[in-house]
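Hi everyone, thanks for coming. Let's take a friendly walk through a structure that may be new to you.

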Amino acid sequence: MNSFKGSKFVMLALLFCLILSLSVFAEANKHKPKPKKSTFGVGFYKRSCPAAEAIIRKAVFKAVLMNPGTAAGIIRMHFHDCFIRGCDGSVLLDSVRGKETAEKDSPINNPSLRGFEVIDEAKALLEKLCPRTVSCADILAFAARDSALFAGGISYALPGGRRDGRVSLSSEVIQNLPPPFFNAQQLQDNFKRKGLSLDEMVTLSGAHSIGRTHCSSFSNRLYGFNATHPQDPSLDPRYASFLKNKCPRPISDTQVDPIVNLDISTPNRLDNKYYLNLKNHKGLLTSDQTLFESPLTSKLVFNNVKYGSTWARKFAAAMVHMGSIEVLTGNKGEIRKNCHFVN
């Protein structure tokens with residue numbers, strides 16, 4: 001009998017200890033911070049708008065099919081967006097009467113930036129399907145990713161969750177974007193301010209494998225280069241003659257400013273032929289050819305000539321990194337209903 005009572009007492013004591021430990025555990029977990037919801041990452045719209053990336057890709061594919069040059073325009077627009085106030089879609093905002101003009105109306109962007117209609121089409125479809133969910137900044141970033149796919153077969157996973165900025169100032173464009181006359185050191189400094197490495201700068205310059213530019217961006221290389229050389233000696237003479245036929249000597253500010261392809265060999269294919277052009281002294285812009293001429297970057301150019309698949313992988317990684325510059329996440333910024341205007 002005493003043995004039974006003793007066992008009963010032990011069991012009650014153990015039960016009490018178990019209840020006490022469970023209550024302590026529950027109390028501890030009650031005050032334990034809950035894991036935060038991801039605000040920037042791959043598959044961001046998996047639950048909130050599962051078809052988002054597919055809708056954007058379809059809009060880009062449709063546009064590129066009609067005009068292959070659209071791919072270059074969208075990639076350039078994304079670059080111009082990210083280098084000013086981060087990747088916040090500010091390049092998409094229209095100017096507002098009575099205020100400083102917006103980024104898109106800077107002489108650097110207007111009228112050369114293109115692809116706005118693709119972003120608008122994707123946004124309109126997404127607003128019908130998932131209202132006020134997918135940001136304009138993300139649409140532009142995904143559209144640039146898909147442009148690289150359609151123009152060069154370069155595919156990569158891209159984080160989402162960027163929110164839209166509310167400020168767009170044309171004065172900030174010239175302060176942040178590298179002009180076409182920069183040398184390699186100036187380009188390195190410019191990209192470094194955005195957190196990008198020297199190798200990433202040379203890698204992303206390969207986007208000039210597609211696209212076009214106005215003659216005014218490089219005419220100084222063709223006419224009256226300096227007191228010693230009438231044209232840039234780093235420019236292949238036959239290529240210079242070809243360009244002079246396309247771009248007559250500028251006489252006045254009112255004359256037509258023709259457009260030429262940035263890449264003479266594969267103008268609609270995003271590939272490493274751009275670097276081969278530099279090696280053959282057929283880089284169009286000063287900021288292109290300097291990458292081969294400068295000891296700072298020439299070895300990187302040679303590597304990109306030799307290893308095209310490696311360059312493509314580096315390009316993908318650099319686009320992801322660039323697409324993460326100073327992004328607005330969480331409660332910062334907004335999700336615009338219309339990419340042209342703040343809410």
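Before we begin, a word on the annotations: UniProt positions are given in the numbering used here, feature names are shortened, and annotations may be inferred rather than shown by experiment. What you see is a predicted model, where local features need pLDDT of at least 70, side-chain atom pairs count only at pLDDT 80 or more, and totals for chains, interfaces and linings use all residues. Residues are numbered from 1 along each chain as its sequence is written, and side-chain values use heavy atoms, with hydrogens and water left out.

How confident is the predictor? pLDDT is its confidence in each residue, from 0 to 100. The protein chain averages a pLDDT of 92, and 89% of the residues score at least 70. Over residues 1-10, though, the pLDDT is below 50, and that stretch has zero contacts beyond near neighbours in sequence. Contact, by the way, means heavy atoms within 4.5 Å. Residues 12-22 also stay under 50, with zero contacts in the model beyond four places in sequence.

Now to the annotated positions. The unreviewed UniProt entry places the feature "binding site" at Asp263, Thr266 and Asp271. Where do you find threonine 266? Look in the loop between β2 (259-261) and α10 (273-279). When I say helix or strand, I mean DSSP runs numbered from the N terminus: H or I over at least four residues for helices, E over at least two for strands. Leaving out neighbours within four places in sequence, threonine 266 is in contact with Ser209, Asp271 and Lys273.

Aspartate 271 is also placed in the loop between β2 and α10. Is aspartate 271 buried or exposed? We call a residue buried under 20% relative accessible area, exposed over 50%, and partly exposed in between, using a 1.4 Å probe and protein chains only. At 12%, aspartate 271 is buried. Not counting residues up to four places away in sequence, aspartate 271 touches Gly206, Ser209, Asp263, Thr266 and Trp311. With serine 209 there is a side-chain polar contact of 3.1 Å. That term means a pair of N or O atoms within 3.5 Å; within protein, one must be able to donate a hydrogen and the other to accept it, and residues adjacent in sequence count only if both atoms are side-chain atoms.

The "binding site" annotation, again from an unreviewed entry in UniProt, covers His208 as well. Histidine 208 sits in the loop between α8 (198-205) and β1 (212-214). Its relative accessible area is 26%, so histidine 208 is partly exposed. Apart from residues up to four places away in sequence, histidine 208 touches Leu262, Asp263, Tyr274, Leu285 and Asp288.

Next door in our tour is asparagine 277, in helix α10. Asparagine 277 counts as buried because its relative accessibility is 7%. Residues that asparagine 277 touches, beyond four places in sequence, include Asp263, Ile264 and Ser265.

Let me finish with helix α2. Which residues of α2 are buried? They are Ala52, Ile55, Ile56, Ala59, Val60, Ala63 and Val64. These cover an arc of only 165° around the axis, so they lie on the same side of α2; the arc is that of the directions from the helix axis to the C-beta atoms. The face turned away from that buried side carries the exposed residues Ala54, Lys58 and Leu65. Covering the buried residues of α2 are, among others, α3 (69-82), α4 (116-129) and α5 (136-152).

Methods:
pLDDT is the predictor's confidence in each residue, from 0 to 100.
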